[in-house]
Amino acid sequence: MARTILVRLNLDIKEKPIGAALRFNAAVDELRKISKPNNKVVILSHRGRPQGVEKKLSLRPFAPLLSKALRKKVVFLDNADLNKARKAIEAAPNGSVFLLENLRFLKGETENDPKLGRALASLGTEFISDDFATSHRADSSLSAITAFLPSQPGNLLREEVKNLSMAMGDTKKPFVLVVGGAKAKDKVGVISNLLKKADLVLVGGAAANTFLKADGVDVRDSLYEPEMVETAKKLMRSGKIETPEDFLWDGSKILDIGPKTAKTYAAYLRGARLIVWNGPMGMFERKKFSAGTAAVARAVLRNGRAKSVIGGGETVAALGLRKQVQNPKTNIFVSTGGGAMLEFLAGERMAGLEAVFKDGKKKRKK
Ligand code: 3PG
């Protein structure tokens with residue numbers, strides 16, 4: 001088989017507005033580096049958390065977007081029949097780039113099924129993982145696949161590991177952790193490990209609702225994680241968790257932190273010397289509920305003395321703060337990882353990362 005690189009990227013994003021998508025741009029950068037006239041490239045990615053095949057989570061819309069960004073045709077490939085996909089790849093000329101349908105439509109992907117790992121591996125001759133944001137998962141396309149192909153980390157993966165290791169290597173005090181966003185279950189869990197290092201944890205978003213619930217506040221119909229309420233209670237005993245004192249409601253749902261909380265959080269952030277921020281404080285996509293997230297963003301950007309690490313860079317991009325955070329003088333690193341970034345900083349084992357950084361010389365036969 002001609003040299004065919006399988007590259008795991010992260011297109012777990014909305015397709016609009018694509019220009020603002022940090023992950024999309026990172027994917028394009030890597031593709032520019034690896035796609036050559038004398039090889040073929042197959043892009044592997046997941047999108048969302050589908051239960052079986054969910055059309056709205058298809059990766060198909062990204063084929064024209066990638067083609068435009070790369071100025072090279074990106075051919076979309078269905079993945080229901082991987083044999084058929086392999087034949088199409090083999091028949092294509094060198095220089096071709098393919099985008100395989102959402103990996104999580106495949107049975108076994110999130111179970112790290114070796115059979116699926118082998119089937120995916122049969123599509124190419126080597127594997128590059130450049131999906132830092134999913135590298136905390138043991139998915140077939142990140143872990144099992146590496147048993148069957150020569151595998152290596154991509155450029156983004158190396159950069160993330162280097163920068164995040166640097167930030168934690170020298171934990172400046174006070175270290176303020178800000179956690180928001182929707183995936184409350186993952187986040188409440190990871191806070192417990194980071195609590196050993198952090199001096200203060202400011203919570204917003206669905207994570208805050210879980211803590212508020214644990215504190216006996218009636219969050220009515222707001223999004224929260226019932227399974228994590230007990231853990232949240234334990235974590236609150238540390239005295240390091242700061243929950244919102246006021247909120248903005250939309251009907252019976254909390255959709256943002258209130259102005260008093262935004263002020264308090266900004267004041268804490270002014271005094272911090274290490275800031276790790278992951279996840280918006282509310283539903284910032286709606287202007288009415290974006291003030292809390294914007295206040296946190298401003299406080300992070302204005303603190304010139306802190307080293308700051310911001311995860312889930314989409315938030316920052318969406319707030320129109322892209323230029324500021326990309327200015328090297330601001331001492332801010334923007335990670336493509338959300339939960340992955342937090343787990344890395346907490347020193348947790350990351351299956352996807354370990355698989356690709358381990359010695360990959362001896363591979364099982366396909
Ligand atoms: C993310 O958005 O954090 C990554 O794409 C991983 O997604 P997951 O939490 O659904 O595994």
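1. Let's start at the ligand, bearing in mind that this is a predicted model. R49 puts a polar side-chain atom 2.8 Å from an oxygen atom of the ligand. Taken alone, the ligand exposes 310 Å², and the protein buries 93% of that.

2. Two other side chains are worth a look at the same site. For D12, a polar side-chain atom sits 2.6 Å from a ligand oxygen. For N10, the corresponding distance from a polar side-chain atom to an oxygen atom of the ligand is 3.1 Å.

3. Who else is around the ligand? The surrounding residues are N10, D12 and R23, then H46, R49 and R104, followed by A133, T134, R137 and K183. Sorted by class, that shell has six charged residues, three polar ones and one nonpolar one. If you're colouring the site by residue type, the nonpolar entry is A133, while R23, R49, R104, R137 and K183 are among the charged ones.

4. Next, the helix pair α7 and α8. Helix α7 covers residues 205–214 and helix α8 covers residues 229–236; they pack with their axes 8 Å apart, at an angle of about 80°. Angles of 65 to 115 degrees count as roughly perpendicular, so that is the label for α7 and α8.

5. Which residues make the contact between α7 and α8? On the α7 side you'll find T210, F211, K213 and A214. They meet V229, A232, K233, L235 and M236 in α8. By class, this contact has six nonpolar residues, two charged and one polar. The charged pair is K213 from α7 and K233 from α8, and the polar residue is T210.

6. Have a look at the backbone around P174 too. The peptide bond leading from K173 into P174 is cis, with omega near -5°. P174 itself lies in the loop between α5 (155–169) and β7 (175–179).

7. One last backbone point concerns N112. This residue isn't a glycine, yet N112 has a positive phi of about 55°. Where does N112 sit? You'll find N112 in the loop that runs between β4 (97–100) and α4 (114–121).

Key:
Residues are numbered from 1 along each chain as its sequence is written. This is a predicted model: local features need pLDDT of at least 70, side-chain atom pairs count only at pLDDT 80 or more; totals for chains, interfaces and linings use all residues. Side-chain values use heavy atoms; hydrogens and water are left out. A residue is near a molecule or strand if one of its heavy atoms lies within 4 Å of it. A polar contact is a pair of N or O atoms within 3.5 Å; within protein, one must be able to donate a hydrogen and the other to accept it, and residues adjacent in sequence count only if both atoms are side-chain atoms. Accessible areas come from the Shrake-Rupley method with a 1.4 Å probe; for residues, only the protein chains shown count as cover. Axes are lines fitted to C-alpha atoms, for helices over the stretch in contact, and angles run from 0 to 180 degrees between N-to-C directions. Helices (H or I, at least four residues) and strands (E, at least two) are DSSP runs, numbered from the N terminus. Angles under 35 degrees count as roughly parallel, over 145 as roughly antiparallel, 65 to 115 as roughly perpendicular and the rest as oblique. Contact means heavy atoms within 4.5 Å.
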